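Student: Could you take me through one spot in this model up close, and show me how the rest of the chain frames it? I'd like the cut-offs spelled out as you go.

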Amino acid sequence: MAVLIGIIGILLLIGISWAMSNDKKNINYRAVVIMMAVQFFLAWFMLNTSIGKKVLQKVVDLFNKVLSFGNEGIAFVFGDLAGKDYFFINVLMMIVFVSALLSILTYTRILPLAIKYIGGAVAKITGLPKVESFVAVNSMVFGDTTAILSVKSYLHKLSPNRLFIVVTSSLVAVSCSILGAYMQLIPAEFVLVALPINVFSGLILASIVAPVTNEDDDDIDIKEMIPEKSLFEAIGNGALIGGKTALIVGAMLITYIGLLAMVNYILSNTVGLTFQEIVGYIFAPVAFIMGIPTSEIVRAGSIMGTKVAANEFVAMLDFVKIMPDLSAKTVGIVSAFLISFANFSSIGIILGTVQALNQEKASELAKVGLKVLFVATMGSVMTGTIVGIFL
């Protein structure tokens with residue numbers, strides 16, 4: 001029954017996207033079917049086959065090994081504090097090391113070439129333009145703002161629909177630089193499963209809502225992704241960017257958790273409910289169509305609503321507290337849902353990035369900002385639902 005509900009949920013997401021479409025006659029249904037087939041195959045292979053499970057476990061082990069190297073640096077700097085339960089030290093400081101590592105892989109052209117050709121393969125299979133496919137794949141590694149910066153020279157050429165797809169698909173993703181932090185909070189296998197599925201969730205729904213026709217396409221120049229002139233400059237810049245990211249995440253957590261505590265105090269003394277409980281009831285129907293057991297939809301909905309209203313870290317910190325009391329299916333679905341930047345604060349960050357690059361495009365984006373967030377959130381729902389079908 002849960003599988004049937006999940007399939008109905010996916011069809012409902014497609015239906016809502018179709019109803020929102022601004023150009024129904026140009027929807028590329030062939031691309032939608034192909035991308036959905038790829039999603040289902042990836043989820044089935046990684047979660048339901050012995051080979052896929054072994055591959056996934058090997059990747060998890062590899063990530064854990066890499067993170068152990070980062071822990072050596074953290075332990076050297078913070079000493080005995082590294083072994084204690086300090087979120088900033090044990091979780092956020094890992095972002096510094098992983099960011100520097102990604103910078104090395106970027107400077108050596110390993111990541112840019114992989115992203116370019118994987119994005120090209122996605123474009124060829126689905127018929128979508130290369131820029132959109134490139135940003136979707138790039139977002140899986142570098143996150144939303146960096147992915148958009150990597151195609152800054154193409155922004156002025158993008159039609160409103162193409163801009164919508166680029167921004168939406170970038171929000172249904174996360175940066176690999178913070179994967180290590182995620183993996184220390186929620187099950188690592190669901191973090192990794194959600195990454196590739198997110199690529200297609202964003203493209204599927206955004207391309208239905210804002211279809212693109214056969215417009216001029218451009219080849220991607222990976223030089224824009226490699227600003228550094230030397231390996232040591234790349235390491236230094238990567239570490240500095242990672243440190244800045246860790247501080248930003250920490251500042252946002254202080255702000256949002258503090259604001260939530262204040263809001264909960266007011267709500268508890270007025271209506272007798274907390275913010276999490278209210279959004280839990282609001283998102284409960286969404287949790288239900290994702291295949292989450294009825295007895296857990298309110299608690300799952302509270303995590304999902306917190307993620308959209310605040311960010312994924314705030315939601316994960318709440319999720320960790322209730323995870324032991326939830327079924328394995330719910331843990332998998334909610335974990336996959338959380339792996340994206342689809343929240344209100346990210347819209348502001350994206351808008352600011354585009355505004356710095358192209359004022360005209362920023363004006364176009366500002367008009368559809370809430371629509372972008374809504375479709376990106378549906379993308380996260382689709383990813384969680386697909387993962388749930390195979391649990």
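**A serine and its surroundings**

Tutor: Start with the whole chain: buried residues make up 55% of its 391 residues, where buried means under 20% relative accessible area, exposed over 50% and partly exposed in between, with a 1.4 Å probe and protein chains only. Keep in mind that this is a predicted model, where local features need pLDDT of at least 70, side-chain atom pairs count only at pLDDT 80 or more, and totals for chains, interfaces and linings use all residues. Residues are numbered from 1 along each chain as its sequence is written, and side-chain values use heavy atoms, leaving out hydrogens and water.

Now zoom in on Ser21. You'll find Ser21 in the loop between helix H1 (2-20) and helix H2 (29-48); helices are DSSP runs of H or I with at least four residues, strands are E runs of at least two, and both are numbered from the N terminus. Ser21 is buried, at 9% relative accessible area. Leaving aside residues up to four places away in sequence, Ser21 touches Ile27, Ile208, Val209 and Pro211, a contact being heavy atoms within 4.5 Å.

Zooming back out, take the contacts in the chain between residues at least 6 apart in sequence: 78% of them join residues at least 24 apart. The secondary structure comes to 19 helices and zero strands. As for overall dimensions, the C-alpha trace spans about 55 × 55 × 45 Å along its principal axes.
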